[in-house]
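Subject: Structure for you to look at

Hello,

Here is the structure I promised to pass on. Please open it next to this email and follow along.

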Amino acid sequence: MSWFYRSILRPFLFAQDSEEIHNFTLRALARASRHPVLCEALHEFFGAPPLPLTVFGLHFPNPVGIAAGMDKHAAAVPAWESLGFGFTELGGVTWHPQPGNPPPRMFRAVADGALINRMGFNNPGAEALAEKLSGWRTLGHWPTHPVGINLGKSKITPLDKAADDYANSFRVLRPFADFFVVNVSSPNTPNLRQLQDKTALDEILASLQQLNDSAAAPGGGVSVSAPKPILVKVAPDLSFEALDEILELAAPRHLAGIVATNTTLARPETEDVRLRSIYAETGGLSGRPLRARSTEVIRHLHRETKGRLPIIGVGGIFDAEDAWEKLCAGACLVQVYSGLVFEGPSLARDIVRGLTHRMRQRQG
Ligand SMILES: Cc1cc2nc3c(=O)[nH]c(=O)nc-3n(C[C@H](O)[C@H](O)[C@H](O)COP(=O)(O)O)c2cc1C
């Protein structure tokens, strides 16, 4: 399938606008998601073999997830499991619905296997997302794998009110997901990355954990359940010192883990004129050129935490070898976005198969 995708389907898809093809694919997956028979058919083709593991108290059927940004509207929640993914991260979602930046806002650098995006958190808002998720649950089409939600800050909310913005989203969405990722690392919301500063991040995490505790306490909030794992997603452009400051919050704020990394503002060197014009676009770069830096960040986080804090590795994973590199650097789970665009729908299955093979080899 990956040969068929790369040689036949991809040239056709790549001849069209990035965002239009993204929306077209999501609509197709949304349609499939409403019909269990279609989901089963997808699963027949693309389902991954089991490679189970338990991380921050959740059971994952395999370690390969779909990264944030792919399904911001929770349009195709059941389909990701059918495509072999071991978990899903929906969103980013913000408290206020917002259209994002004007198009065009997603670009392909095909020769480098890279994407640039400046979507700017286009999303329906937390309340609409909660309604959508409630709908999937009512239909009984809820995946058996863990579902997380990526939380961003609304553009209209000033930085000094960021904690309230994240907390509002968390309050309405908490009952609907298994884990949450605080995204303070997108380059496409003005000044968002300043929230990676220790004091600002501490305020956000404190307000989320307060809600988490009160909802978990008997008679507390909307749903009485165990506190939901909360992770922080970091930028690959942070210095090791800045990453270490974030790690200082891990114990006091009961962080369940770190997602490393988001897209980068850096651009690869190139003599190719076409690539240069794409790299001149404003936005975050993902895909192959991000791979090495994201692995470096993971290795640093793993070393500093002595392997005690779970890391979800994301950035430039296109095959099992790339995923293995992330796991060897200290990640326990991985995610893909650009890899799926370039390699096609059998990616999760192929990675899980490759990882299984490598693990067997290592066990001798
Ligand atoms: C179009 C697009 C939209 C994205 N939106 C989000 C988002 O809303 N929240 C977030 O944390 N990351 C977002 N990301 C970043 C991805 O989740 C991921 O961290 C990044 O693309 C690196 O992985 P990759 O090299 O596999 O693409 C987005 C990426 C792309 C390409």
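**What I found**

Start with Ser33, which sits in helix α2. Keep in mind that this is a predicted model. Is Ser33 buried or exposed? Ser33 counts as buried because its relative accessibility is 1%, and the cut-off for buried is under 20%. Its contacts beyond four places in sequence include Cys39, Trp136 and His141. Ser33 also touches Ala75, Ala76, Val77, Pro78 and Ala79.

Now move to Arg34. Arg34 lies in the loop between α2 (18-33) and α3 (36-46). Arg34 is partly exposed, with a relative accessible area of 42%. Which residues join Arg34 in a positive surface patch? They are Arg27, Arg31 and Lys132.

**Salt bridges**

How many salt bridges does the structure hold? The number is twelve. Here are some of them.

Take Glu19 and Arg105. Their side chains meet in a salt bridge, at 2.7 Å from N to O. Glu19 is in helix α2, and Arg105 is in the loop between β4 and β5. The two are 86 residues apart, so this pair links distant parts of the chain. Both Glu19 and Arg105 are buried.Next, find Glu281 and Arg118. They form a salt bridge, and the closest N and O atoms are 3.0 Å apart. Glu281 lies in the loop between α9 (273-279) and β11 (284-287). Arg118 lies in the loop between β6 (114-117) and α5 (126-139). The pair therefore ties together parts that are 163 residues apart in sequence. Glu281 is partly exposed, with a relative accessible area of 25%. Arg118 counts as buried, at 18% relative accessibility. Why do the labels of these two differ? The cut-off for buried is under 20%, so Arg118 at 18% counts as buried, whereas Glu281 at 25% is partly exposed.

Then look at Arg291 and Glu325. Their side chains meet in a salt bridge at 3.0 Å, N to O. Arg291 is in helix α10 (residues 291-304), and Glu325 is in helix α11 (residues 320-329). This pair ties together parts that are 34 residues apart in sequence. Arg291 counts as partly exposed, at 28% relative accessibility. Glu325 is partly exposed too, with a relative accessible area of 23%.

Which residues are linked in a network of salt bridges? Look for Arg6, Arg288 and Glu343.

**A nonpolar patch**

Go to helix α1 (residues 2-14), where you will find Phe4. Phe4 forms a nonpolar surface patch with Trp3 and Ile8. Together they have about 350 Å² of accessible area. Phe4 itself is partly exposed, with a relative accessible area of 38%.

**Around His96**

Where is His96? His96 is in the loop between β4 (87-93) and β5 (106-109). His96 is partly exposed, with a relative accessible area of 29%. Pro124 is 28 residues away along the chain, yet the C-alpha atoms of His96 and Pro124 are separated by 7.8 Å. Leave aside neighbours within four places in sequence. His96 is then in contact with Asn123, Gly125, Ser154, Ile156, Thr157 and Asp165.

**Backbone details**

One general point helps here. Most peptide bonds are trans, and most residues other than glycine have a negative phi.

Look for cis bonds. A cis peptide bond joins Gly91 and Gly92, with omega about 5 degrees. Gly92 is in strand β4. The peptide bond from Ala260 to Thr261 is cis as well, with omega near 15 degrees. Thr261 lies in the loop between β10 (257-260) and α9.

Then check phi. Asn191 is not a glycine, but its phi is positive, about 70 degrees. Asn191 lies in the loop between β8 (179-183) and α7 (198-216). Asn191 counts as partly exposed, at 49% relative accessibility.

His254 has a positive phi too, near 50 degrees. Its place is in the loop between α8 (240-247) and β10. Is His254 buried or exposed? His254 counts as exposed because its relative accessibility is 57%, and the cut-off for exposed is over 50%.

Best wishes

Notes
Residues numbered from 1 in each chain as written. Predicted model: local features only at pLDDT ≥ 70, side-chain atom pairs only at ≥ 80, totals over all residues. Heavy atoms only, no water. Patch = residues over 30% accessible without salt bridge, like charges linked within 9 Å, V, L, I, M, F, W, Y side chains within 5 Å. Areas by Shrake-Rupley, 256 points an atom, 1.4 Å probe, with all protein chains shown as cover. Salt bridge = Lys/Arg side-chain N within 4 Å of Asp/Glu carboxyl O. Lys, Arg positive; Asp, Glu negative; His and termini not counted. Charge placed at Lys NZ, Arg CZ, Asp CG, Glu CD. Helix = DSSP H or I, 4+ residues; strand = E, 2+ residues; numbered from the N terminus. Buried < 20%, exposed > 50% of the residue type's maximum accessible area, 1.4 Å probe, protein only. Contact = heavy atoms within 4.5 Å.
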